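User: I would like to go through the labels attached to this structure and the grounds for each one. Please set each value against its criterion.

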Amino acid sequence: MAKDEYREFRLVGTRPDRPDGLDKVTGRARYGADMTAPGMLWGAVVRSPHAHARIVKIDATKALALDGVKSVVTRADFPEGLTGEDWNLQENTIAGEKALYDGHAVAAVAATTRFLAEEAARLIEVEYEVLPHVIDVDEAMKPDAPVIRHGVSDTTVPEGMSPNIVRKIEFGNGDLGAAFAAADLVMEKSFKTEATHQGYIEPHACLGQMGSDGKGEMWVCTQGQWYIRKMCSAVLGTEASQLRVTPSEIGGGFGGKTTIFMEPLSLALSRKAGGKPVKIVMSRSEVLRATGPTASASMDVKLGMKKDGTLSGIQVEFRMQGGAFPGAPTEFALYCGLAPYKFGAVEAVGYDVIANRPRCAAYRAPGAPMGSFAIESLLDEMCLKLGLDALDVRFKNAVVAGDRAAYGPKFGSIGFVETLEATKNHPNLLAELGPNQGRGIAAGYWFNHNGETSVSMAISEDGTAQVSVGTPDIGGSRASIALMVAETLGIAYEDVRVNVAETGSLGVNEPTHGSRATFASGKAAVLATEAAIKEMCKRAANEWGIEPDAVEWADGAARPAGPNAGQFPPMTIKEIAGAMGSTGGPISGHHESLPDGVGASFGCHVVDVEVDPETGRTEILRYLVVQDAGRAIHPSYVEGQYQGGAAQGIGWALNEEYVYDDKGRLQNSVFLDYRVPLASDLPKIDTVIVEVPNPGHPYGVRGVGETGITPPLPALANAVRAATGVRMTHLPMSPSKVLAALKGR
Amino acid sequence: MKYHTPSSFQEAAQIAAEATGTTRFLAGGTDVLVQMRAGIVLPDELIDLKKIPGVFEMTRAADGAWRIGAAVPGARLGANEDLVADWPGVVEGMELVGSTQVQGRATLTGNLCNGSPAADGVPALVAAGATVDITGPNGTRTISVQDIPAGPGKTTLTKGEVISAIHLPARGENGGDAYLRFIPRTEMDIAVVGCAVNLTLDGDVITSARVTLGAVAPTVIVVEEAAAAIVGTNLDDAALEKLASAASTAANPISDKRGTREFRIEVAGVLARRAAKIAYARAKGE
Amino acid sequence: MSKIHVTTTINGDEVEFLADPRETLLDCLRDHVGLTGSKEGCGTGDCGACSVTVDGTLVCSCLVLGVEAEGKDIRTIEGMADGATLHPLQRKFIEHAALQCGFCTPGLLVASKALLDKNPNPSEEEVRYWIAGNLCRCTGYDKIIRAIMDAAAEMRGEAA
Amino acid sequence: MAKLEVHLWSGLRRFVDGADKVEVEASTIGTMLDGLKETYPGLAPIIDAGVSVAIDDEIVNGSRHRQLSSEQEIFILQKIKGG
């Protein structure tokens, strides 16, 4: 798509109020738990207290004897014979033969009140035979580790390895031996990161209704209503089109709301209770025990560097557990961790491993933060060893368009060097540091994603526009899409209303994931708008009696062009829309595709910390995010993504982690002990939006949501190293760990 | 669950004494409601003390001693300038409990009765030598705060007994107290280690001291050796080192999700040193 | 389980409801009174999404029983605007893009209003500590802090 | 139909007799993947489970009907989506 980098825009790049702002500051916006329905029942879920146990018997007699208890479901109420990912989804929704992790659902109950449902859940008796369990990824890979399930491994796993290793990823190029021989310094280190949770403040909630005919309705907080529809239908054995899913406003997702958890349970309970709607709202503890989280990782890196900072070769092995099912994002950890630099020779090996933990869900640039932590940490350590400037070394090895990524293909238009330039010029790099203070720098990368996209727009009788998109607005995408449509149409921003549609009114859309909403729905909305503009030009041409090709659209009006230029006064969108009932009927535009032209985004973060040498506590003094946005449609929400990603990365680096006891039970399933960053923990987060427009998008957009969580992990580790002289290789860098490292224990 | 709103502590004690099922007293509710929500405690009888006259009162007697009603929330302690002037350590301990929102409800009495070894409100109360009034089915008694905690989640209160007020002694001249805790974040966490120091001076010399530690043993502990290390000194570096060492030696913590045993032992000494400096400065009126 | 009749004032209006004594004020607001602006993010007083004021005191409504509302003056997010006129904090939150998903927003607005009612000129640090019990996972708090500081300045009559 | 050169990640090489790239006659992404599966049955489960295809400097998901030419550089990658 042709696009002029120096185009000036009327609206793109401005910062108007978001369309849903008023609803969201007045409490009117309706989220997952805010919907009720006549005759509604409340659902509650019985969850395994064991990390790994055979389910011997489930007896719901006492629960069903309570007045007001309307239905109980177990795995027996779900169809048999599912395979592959459908089976994984069903098994994770409700355990079959075995409970695979602490918090795994084993039964569910619906009753007339929430208290009654909870009481009934407590009365459902489940007999378990507790089995040996395994939590840690390296433990799970050992030949004698307890086996979660046999037959999960795909054909990439060599014979003779533990059945818990379900996938092996290998790629590479060049002669590693020669590369290391040519290096002036070769170092190797091992790194670990613990599992963290997306930590959205809104717990999962849904209101589901399904009759015995398999027709159903669902109101749910989700990043993707069509995914909910497809997955629920698969798990229940019903037809997708018979289930209509309406997305509520969504209270955060970060990848964690791209899949199903208890949604099929509400439908199954409803179906069994004569079609009464069933609402299920998870507690925070259920959210932490049974949804999300991300994978934990154990990683080895060996890197070769020349005296001048040139990288000569890298060898990495990443092992990641993603819970009791395949899907740890090991390949993304490898791809993204290796993406920023020309490494010379590369040898990369990864393992996807299962363990007795909740099934990992996507979390903002899945895998990338772990990979970057390992590689950027070692890179930093080697810069220190060779006395090189960390930013200079990154410049020297940075990939540019046309360079080949470590995982194979070449990069298209990217803005990594521009991002490093902007970092270098930022005043934060000149701030003086005191005792026990240190500065850390790290880069990060995310591919960005296109995904199935279907958008409709229609011109209203008064010349305003409505746009229906399938990607829930999780952070201001209504505003960015309205800006692009209004820009394209030449009308006011306020004259565009963007609706997030339910599954009945558009073709299939993938969720708001992969940083795709403003890129993909935005691009489709612009193309849909161009289709409507073409029709409006045709209407004007008909009125003027000239060829449609001889009409152009500018500033919200059709204008005769070419030989007809100036022959007629412009016909405004209001005039065309007002007459459309008598000129051929409604005017609308539609676009559906897998949009091409995805543009990747690089970022660079700089953090200054102070570490208390007596307690190991890390305080963040200042924080800088620099990232390529392609073009910022609504810069405030681009900055918001940068700041939010940084904050989540800071939490991951310093305090957040899943803590298990020796029985494999999660020890910190409340926000009191799952420590996400607080307002008082953070400084202002400075941002620089770099704009290297993406040629694949009509306004140059690159996805911006995910890259920002990638650099904080290594940036913080590098800063702590600078402040203390101690290299932390195991996240989180909790005070206990840092103090122990300082004391040389 | 039955919800009671007695109009006297005698009535409250009576209801509790006669109850056959699980009973909980409700003041601020910031522990009880959390336990109810999580299904850890499902009371049959919930006895709300807030309708009892005087439970929100906070008074300083002519001799300088304080009486703090059972339902006075943390935010009101901090808002009382006289109390802050007399017992800043007690106030800062309570004010560290939870968020601003929790401060609107949580009480010192509740913090004490919850029985958590990590309760932030308790070490400074013990260091101050505070006492509590207890009403039971057989009358009232007054005991030291130190004698209330009996282990994690446990108190020495017997069936039907309820605390009606907390007493702090008169501050007197040249005294100061301080409480510090260590948490990983800046707010909202449970103490990994807590330490309170209460001392009095004659000129620059410490004449008496009490040092207490939280979260390093099943209950709050009073570290006599730590106090002895600084009494008779002007808190010089040697005294501070001895204090820190005594605090670390006295700590006998567990390793858990909030911190390791080694970390707690080490930091107990660090906090003792830091808290003592603050208390000393306060005693000098600095 | 017998229910208890509660008469209370919410956002200036007298309201009656029947509460199961186990229900929190948050449950009652959401399920009996139809005020779903206050959110439950944790149920343990750790996230602040359910913040309301009771007789002027900022609390987590998940840590107050519904029956305790008897005779009290409750203020929620739904009562923050004066009719069609937004409170300056509400306006500044929109203007500064201080919300992404918006789920924590009602609680943050109620909490920050309680701060400005008490202290019209807080420092950034005071704001950060006052709202430490209001978790936001989307924004990193930066724009929230800017919005509160700007609203405070405007309310003091200072130019932003 | 064109003769396409397709690069594989090295973990797949044992299904194609150790080669790091293979040739296949095809005109679109779909026929290229089908051709690979037919010639190298070991690749079938991997491809069926979902892969992304990089064409020159762009990573493409879905789009079986996208035209390919022998001048393009083609890589098979693990399927990419995101959070």
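The exchange below takes up burial, backbone geometry, the contact between two chains, and the nonpolar cores.

Analyst: One point comes before the rest: this is a predicted model.

User: Why is A:A234 called buried?

Analyst: The cut-off for buried is under 20% relative accessible area. A:A234 has 18% relative accessibility, so A:A234 counts as buried. The residue is part of helix 7 (residues 225-236) of chain A. Apart from residues up to four places away in sequence, A:A234 touches A:L82 and A:D86. A:S283, 49 residues from A:A234 in sequence, is 26 Å from A:A234 in space, C-alpha to C-alpha.

User: What makes the backbone at A:R364 worth a remark, and is the residue buried or exposed?

Analyst: A:R364 has a positive phi of about 25° although it is not a glycine. Its place is the loop between strand 15 (345-353) and helix 11 of chain A. With 4% relative accessibility against a limit of under 20%, A:R364 is therefore buried.

User: Why does D:D17 count as exposed?

Analyst: Exposed requires over 50% relative accessible area. D:D17 is at 75%, so D:D17 counts as exposed. D:D17, which is not a glycine, also has a positive phi, of about 55°. The residue sits in the loop between strand 1 (2-7) and strand 2 (21-26) of chain D.

User: How do you know that the peptide bond from A:L731 to A:P732 is cis?

Analyst: Its omega is near 0°. A:P732 falls in the loop between helix 18 (712-724) and helix 19 (735-742) of chain A.

User: What makes the pair C:R30 and A:D34 a salt bridge?

Analyst: The rule asks for a side-chain nitrogen of Lys or Arg within 4 Å of a carboxyl oxygen of Asp or Glu. For C:R30 and A:D34 the closest N and O atoms are 2.6 Å apart, so the pair meets the rule. Across the interface of chain A and chain C, 6 salt bridges are found. Polar contact between chain A and chain C is counted for 24 residue pairs.

User: Which elements of chain A are on the side that touches chain C?

Analyst: Those giving two or more residues are helix 1 (21-25), helix 4 (114-123) and helix 17 (635-654) of chain A. Helix 17 gives the most, with 9 residues. By residue class, this side of chain A holds 27 nonpolar, 16 polar and 10 charged residues.

User: How is the size of the contact between chain A and chain C stated?

Analyst: The size of an interface is often given as the accessible area lost when the parts come together. Chain A and chain C bury about 4100 Å² between them, with 57% of it on carbon and sulfur atoms. A:V25, A:F115 and A:I201 supply 17% of the area that chain A buries against chain C, more than any other three residues. The contact takes 53 residues from chain A and 46 residues from chain C.

User: Which residues touch the most other members of the largest nonpolar core?

Analyst: They are C:F93, D:M32 and D:L36, in a core of 216 residues. Helix 11 (residues 368-386) of chain A provides the largest share of this core, 9 residues. A separate second core has 67 residues, including B:L125, B:V145, B:L168 and C:F17.

User: What does C:F93 contact?

Analyst: Leaving aside neighbours within four places in sequence, the contacts of C:F93 include A:V25, C:L99, C:L108, C:I144 and C:I148.

Notes:
Residues are numbered from 1 along each chain as its sequence is written. Chains are lettered from A and ligands numbered from 1 in the order in which they are written. This is a predicted model: local features need pLDDT of at least 70, side-chain atom pairs count only at pLDDT 80 or more; totals for chains, interfaces and linings use all residues. Side-chain values use heavy atoms; hydrogens and water are left out. A nonpolar core is a set of buried Ala, Val, Leu, Ile, Met, Phe, Trp, Tyr and Cys residues joined through side-chain atoms within 4.5 Å. Buried means under 20% relative accessible area, exposed over 50%, partly exposed in between (1.4 Å probe, protein chains only). Helices (H or I, at least four residues) and strands (E, at least two) are DSSP runs, numbered from the N terminus. Contact means heavy atoms within 4.5 Å. Buried area is the accessible area (1.4 Å probe) that two parts lose on being put together, summed over both. A polar contact is a pair of N or O atoms within 3.5 Å; within protein, one must be able to donate a hydrogen and the other to accept it, and residues adjacent in sequence count only if both atoms are side-chain atoms. Ala, Val, Leu, Ile, Met, Phe, Trp, Tyr, Cys and Pro count as nonpolar, Asp, Glu, Lys and Arg as charged, and the others, Gly among them, as polar.
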